[in-house]
Amino acid sequence: MKRGLIICVDGEAPEFWNDEHERGVKRSFLHLDAVEIITRHTGHCDVMYAWWALQLKGMTHIECRTGRFADHVDLRRTQRVIPLCAERVAP
């Protein structure tokens, strides 16, 4: 089973936050196959787009959590889980 994570970031990103820094944070989640981050400046524009992108990458288990920048430096996940659901339609 491939595992993915969506992090919806609350609050303003620090000035140094850019696509390169975001890629580094994504690589730090070694126990996951893919991570998508939603911020105001980088990443996807909404949860559904990030969810769709992870499904296209073959993720079978996707979790969505909130995150925030601690002291405007590090991105930290919070314990709040945002429920996702999917309805499969038979062909």
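Visitor: How much relative accessible area does Tyr49 have, and which exposure class follows from that value?

Guide: The general idea is that a residue counts as buried under 20% relative accessible area and as exposed over 50%, with partly exposed in between. In this structure, which is a predicted model, Tyr49 has a relative accessible area of 41% and is therefore partly exposed. Trp52 is also partly exposed, at 46%. Both residues belong to helix α2 (residues 47-56), where they stand three residues apart, about one turn of the helix.

Visitor: What is the order of the elements along the protein chain?

Guide: Read from the N terminus, the order is β-α-β-α-β-β. The protein chain thus contains two helices and four strands.

Visitor: Which figures describe the protein chain as a whole, such as the share of its residues that count as buried?

Guide: The protein chain has 91 residues, and 36% of them count as buried. Its exposed area is about 6,400 Å², of which carbon and sulfur atoms supply 51%. The contacts complete the overview: of those between residues at least 6 apart in sequence, 61% join residues at least 24 apart.

Visitor: How is a pair of aromatic rings described?

Guide: Two quantities are used, namely the distance of the ring centres and the angle of the planes. A search of the whole structure gives two aromatic pairs. In one of them, the ring centres of Trp17 and Phe69 lie 5.0 Å apart and the planes meet at 75 degrees, so the pair is edge-to-face. This pair links distant parts of the chain, since Trp17 sits in the loop between β1 (3-10) and α1 (19-27), while Phe69 sits in strand β3 (residues 61-70), 52 residues apart. Trp17 counts as buried at 7% relative accessibility, and Phe69 is buried with a relative accessible area of 8%.

Visitor: At what angle do the ring planes of Tyr49 and Trp52 stand, and what is the pair called?

Guide: The planes of Tyr49 and Trp52 are at 45 degrees and the ring centres are 5.7 Å apart, so this pair is tilted.

Visitor: Which residues make up the largest nonpolar core?

Guide: A nonpolar core is read as a set of buried residues joined through their side chains. The largest one here has twelve members: Leu5, Ile7, Val9, Ala13, Trp17, Val25, Phe29, Leu32, Val35, Ile37, Phe69 and Leu75. Strands β1 and β2 (34-38) each contribute at least two residues to this core, and the largest share, three residues, comes from β1. There is also a second, separate core of ten residues, among them Ile6, Cys8, Leu54 and Cys64.

Visitor: How many salt bridges are counted?

Guide: The count comes to five. One of them joins Asp10 to Arg68, with the closest N and O atoms 3.0 Å apart. Here strand β1, which holds Asp10, is linked to strand β3, which holds Arg68, across 58 residues of sequence. Asp10 counts as partly exposed at 45% relative accessibility, and Arg68 counts as partly exposed at 44%.

Visitor: Where do Glu36 and Lys57 lie?

Guide: The side chains of Glu36 and Lys57 form a salt bridge of 2.8 Å, N to O. Glu36 lies in strand β2 and Lys57 in the loop between α2 and β3, so the pair ties together parts 21 residues apart in sequence. Glu36 counts as buried, at 4% relative accessibility, whereas Lys57 is partly exposed at 44%. A network of salt bridges links Glu36 and Lys57 with Glu22 and Lys26.

Visitor: Is Arg65 buried or exposed?

Guide: Arg65 counts as buried, at 15% relative accessibility. Its side chain meets that of Glu63 in a salt bridge of 2.6 Å, N to O. Glu63, at 22%, counts as partly exposed.

Visitor: How far apart are Gln79 and Gly67, in sequence and in space?

Guide: The two residues are twelve apart in sequence, and their C-alpha atoms are 8.6 Å apart in space. Gln79 lies in strand β4 (residues 74-81) and counts as exposed, at 70% relative accessibility.

Definitions and conventions:
Residues are numbered from 1 along each chain as its sequence is written. This is a predicted model: local features need pLDDT of at least 70, side-chain atom pairs count only at pLDDT 80 or more; totals for chains, interfaces and linings use all residues. Side-chain values use heavy atoms; hydrogens and water are left out. Buried means under 20% relative accessible area, exposed over 50%, partly exposed in between (1.4 Å probe, protein chains only). Contact means heavy atoms within 4.5 Å. Accessible areas come from the Shrake-Rupley method with a 1.4 Å probe; for residues, only the protein chains shown count as cover. Rings of Phe, Tyr and Trp (its six-membered ring) pair if their centres lie within 6.5 Å; planes under 30 degrees apart count as stacked, over 60 as edge-to-face and the rest as tilted. A nonpolar core is a set of buried Ala, Val, Leu, Ile, Met, Phe, Trp, Tyr and Cys residues joined through side-chain atoms within 4.5 Å. A salt bridge is a side-chain nitrogen of Lys or Arg within 4 Å of a carboxyl oxygen of Asp or Glu.
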